[in-house]
Amino acid sequence: MTDSPTPWQALPAHPQLQAAVENTLNAWWPKVFGYHLLKLGGFSSAIDSRGCSISHQISLDCAPGAGVQADFHQLPFQNACIDAALMSLLLEFEEDPYRILRETDRVLISGGYLFIVGFNPLSSLFFGKLLPSFRQRAPWQGRFFLPSRVRDWLSVLGYQVISDERFFYHPLIGDPNRFGFWQDVLRAWLPGAGSLYLLVARKVDIPLTPVADKWKVAQPKWTTAATAGRAGRVVGANGR
């Protein structure tokens, strides 16, 4: 398994990067209600989520020092007890990201929110993957998943993606204050090329009992005795 970098300070342009994530999430926090917010991983735990109306916020990580130290694949919570969950830059550094999504789905309530922040491979950030001197550095040593692939995983689990956003148009190579003109050009002309993406999804439970199609009209059922009696009446009426 690829080792996850230490939160934010290990990333290039980390003050600007973290601020961009927090600003993007701030637009969503007032829309989330409930009792428990689960923040998975060190990056999520460091996010300022005071704008969220959920007061009980749980930080969970594999590393010591977290509010709850546990394995992402075996969350120490009952089924359907978490109202919202945040995964910020988590799936890229884990060996089995889909298993983590399934385990998070187990603890989320029906209608619960799932926020996923990740690195977008269809952006200027991918240039670091092509340069040998950057391949073993954070964040390029992780795996970058297409947002469409993550959406497919969520669809299989029965989630409705209600928002798919791109933001932060810097390649994370060099001074974050550079390339301001090109960042503006990408934002205006290629809005899907942001270095980060945010997927907001809600858990939708599908009823297990199938509902019969309303257009199908039930056909009358005749018993043998009823059919014989009806046939006798018809014969008697015809006098045959």
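# Group meeting: a walk from His-170 through the sheet

Okay, let's start with one residue: His-170 is placed in the loop between strand E6 and helix H6, which covers 180-189. When I say helix or strand, I mean DSSP runs, H or I of at least four residues for helices and E of at least two for strands, numbered from the N terminus.

Before going on, a word on what this is: a predicted model, where local features need pLDDT of at least 70 and side-chain atom pairs count only at pLDDT 80 or more, while totals for chains, interfaces and linings use all residues. Residues are numbered from 1 along each chain as its sequence is written, and side-chain values use heavy atoms, with hydrogens and water left out.

Back to His-170. Is it buried or exposed? His-170 is buried, at a relative accessible area of 1%. Buried here means under 20% relative accessible area, exposed means over 50%, and partly exposed is in between, using a 1.4 Å probe and protein chains only. A polar atom of the His-170 side chain lies 2.8 Å from the backbone nitrogen of Leu-172.

Leu-172 sits in the loop between E6 and H6. Leu-172 isn't a glycine, yet its phi is positive, about 65°. With 3% relative accessibility, Leu-172 counts as buried. Phe-168 also belongs to the loop between E6 and H6, and its phi is near 60°, again positive in a residue other than glycine. Phe-168 counts as buried too, at 14% relative accessibility.

Now let's zoom out. How many helices and strands does the chain have? There are seven helices and seven strands. Starting at the N terminus, the elements go α-β-α-β-β-β-α-β-α-α-β-α-β-α. Of the 240 residues in the chain, 42% are buried. Take the contacts, meaning heavy atoms within 4.5 Å: among those with a separation of 6 or more, 72% are between residues 24 or more positions apart.

Next, the sheet. It is open, has seven strands in the order E3-E2-E1-E4-E5-E7-E6, and its pairing is mixed. Strand E3 (68-69) and strand E6 (159-167) are at the edges with a single partner strand each, so one side of each has no neighbour in the sheet. For two strands to pair, DSSP has to find at least two bridges between them.

Let's walk across from the E6 edge. E6 pairs with strand E7 (residues 196-203) over eight bridges, in the antiparallel sense, and Arg-166 stands opposite Tyr-197 of E7. E7 is also joined to E5 by seven bridges, and those two run antiparallel; there, Phe-115 faces Val-200 in E7. E5 and E4 run parallel, with six bridges between them. On that border, Leu-86 stands opposite Phe-115 in E5, and Met-87 has Ile-116 of E5 as its bridge partner. One step on, E4 pairs with E1 in the parallel sense over four bridges, where Leu-37 has Ala-84 of E4 as its bridge partner.

Why do I call E4 largely enclosed by the rest of the structure? Seven of its seven residues are buried, so E4 is largely enclosed. E5 is mostly covered as well, with nine of its 12 residues buried. Together, E4, H3 and E5 form a right-handed β-α-β unit. Right-handed means that, with the strands pointing away from the viewer, the path from the first strand over the helix to the second runs clockwise.

On to the cores. A nonpolar core is a set of buried Ala, Val, Leu, Ile, Met, Phe, Trp, Tyr and Cys residues joined through side-chain atoms within 4.5 Å. Which residues have the most contacts inside the largest one? That core has 34 residues, and the answer is Phe-115 and Phe-119. Helix H1 (14-26), E4, E5 and E7 each give this core at least two residues. Apart from it there's another core, of 28 residues, including Leu-108, Ile-116, Leu-154 and Tyr-159.

Leaving out residues up to four places away in sequence, Phe-119 touches a list of residues including Leu-11, Phe-93, Pro-139 and Leu-172. We've met Leu-172 already, in the loop between E6 and H6. Pro-139 lies in another loop, between helix H4 (127-130) and helix H5 (147-156). And here's a nice detail to finish on: the peptide bond joining Ala-138 and Pro-139 is cis, with omega about 5°.

Methods
A polar contact is a pair of N or O atoms within 3.5 Å; within protein, one must be able to donate a hydrogen and the other to accept it, and residues adjacent in sequence count only if both atoms are side-chain atoms.
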